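Please walk through this protein slowly, moving from the way its helices meet to its sheet and then to a few single residues. It may help to keep the picture in view while reading.

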Amino acid sequence: MSFTSTPSPDSSIFVTGEAKASANNPITTQFGMFYIALVVEKGTHRILDAECSATLALTNSFVKSLIAGECITEEGLLAERITTRYHGSSQRALLTALRNAATKYRAAVGLT
């Protein structure tokens with residue numbers, strides 16, 4: 001599933017989240033940390049696009065398929081999708097980075 005759209009410059013916001021990956025994870029070797037970047041439509045809180053610091057393109061596209069089109073403020077739903085479908089070694093880092101990005105998003109749009 002591909003869910004990207006081109007929002008107007010004023011209708012979207014870019015946020016990132018970060019987390020530590022386990023020491024034996026290739027992400028730690030290559031990037032030092034696990035990062036997720038999201039483009040979110042402010043009016044609907046929908047994730048329009050996503051990318052993460054995965055070492056494999058397949059991982060990146062799978063993570064995107066899990067969260068693109070979903071509402072960033074529905075953290076429980078996003079966490080459930082990740083824990084039931086993503087069984088990579090960076091699952092915990094992905095969950096933490098997503099929570100971190102959601103917190104930044106809420107602060108940026110005044111939802112806190």
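When two helices cross, the crossing is called right-handed if the near helix is turned clockwise from the far one by less than a right angle, and left-handed if it is turned anticlockwise. That term will be needed shortly, but the overall plan comes before it. The model shown here is a predicted one, and the protein in it has 4 helices and 3 strands. Starting at the N terminus, these elements follow one another in the order β-α-β-β-α-α-α. Of the 112 residues of the protein, 36% count as buried. Among contacts between residues at least 6 apart in sequence, 55% join residues at least 24 apart.

We can now turn to the helices. Two packed helices are described by the angle between their axes and the distance between the axes. For helices H2 and H3, the axes come within 9 Å and cross at roughly 140 degrees. Angles over 145 degrees count as roughly antiparallel, and an angle that fits neither this class nor the parallel or perpendicular ones counts as oblique; H2 and H3 are therefore oblique to each other. The crossing of H2 and H3 is right-handed, in the sense defined above. On the side of H2 the contact is made by Phe62, Ser65, Leu66 and Ile67, and on the side of H3 by Leu78, Arg81, Ile82 and Arg85. Sorted by class, the residues of this contact are 5 nonpolar, 1 polar and 2 charged.

A second pair of helices can be read in the same manner. The axes of helix H3, which covers residues 75-85, and of H4 come within 10 Å and cross at roughly 165 degrees, and H3 and H4 are therefore roughly antiparallel to each other. The crossing of H3 and H4 is right-handed. In this contact, Glu75, Leu78, Ala79, Ile82 and Thr83 of H3 meet a set of residues in H4 that includes Leu94, Leu95, Leu98 and Ala102. The residues of the contact of H3 with H4 divide into 7 nonpolar, 2 polar and 3 charged.

The strands form the other part of the picture. They make an open sheet of 3 strands in the order E1-E2-E3, with antiparallel pairing. Strand E1 (12-19) and strand E3 (47-52) stand at the edges and have a single partner strand each, so one side of each is left without a neighbour in the sheet. From one strand to the next, the twist averages 15 degrees. E1 is joined to E2 by 8 bridges, and one residue of E1, Ser12, has Glu41 as its bridge partner in E2. Strand E2, made of residues 34-41, is joined to E3 by 5 bridges, and the bridge partner of Ala37 in E3 is Glu51. Helix H2 (residues 57-67) packs on the sheet, where it touches E2 and E3, and its direction makes about 155 degrees with that of E3. Helix H4 (residues 91-109) lies across E1 and E2, running at about 140 degrees to E1.

Which residues of H2 are buried? They are Asn60, Val63, Ser65, Leu66 and Ile67, and these buried residues pack against E2, E3, H3 and H4. In E2 the side chains alternate along the strand: Phe34, Ile36, Leu38 and Val40 point to one face and are buried, whereas Tyr35, Ala37, Val39 and Glu41 point to the other face and are not.

Tyr35 deserves a separate look. Its place is in strand E2, and Tyr35 is partly exposed, with a relative accessible area of 37%. Leaving aside residues up to four places away in sequence, Tyr35 touches Gly17, Glu18, Glu51, Cys52 and Ser53. The C-alpha atoms of Tyr35 and Leu98 are separated by 8.8 Å, although these residues are 63 residues apart along the chain.

Finally, we come to two places in the backbone. Most residues other than glycine have a negative phi. His45, found in the loop between E2 and E3, has a positive phi of about 65 degrees although it is not a glycine. The hairpin of E2 and E3 to which His45 belongs has 5 residues between the strands. Just after H2, Gly69 also takes a positive phi, of about 95 degrees.

Technical notes
Residues are numbered from 1 along each chain as its sequence is written. This is a predicted model: local features need pLDDT of at least 70, side-chain atom pairs count only at pLDDT 80 or more; totals for chains, interfaces and linings use all residues. Side-chain values use heavy atoms; hydrogens and water are left out. Two strands pair if DSSP finds at least two bridges between them. Helices (H or I, at least four residues) and strands (E, at least two) are DSSP runs, numbered from the N terminus. Axes are lines fitted to C-alpha atoms, for helices over the stretch in contact, and angles run from 0 to 180 degrees between N-to-C directions. Contact means heavy atoms within 4.5 Å. Angles under 35 degrees count as roughly parallel, over 145 as roughly antiparallel, 65 to 115 as roughly perpendicular and the rest as oblique. Ala, Val, Leu, Ile, Met, Phe, Trp, Tyr, Cys and Pro count as nonpolar, Asp, Glu, Lys and Arg as charged, and the others, Gly among them, as polar. Buried means under 20% relative accessible area, exposed over 50%, partly exposed in between (1.4 Å probe, protein chains only).
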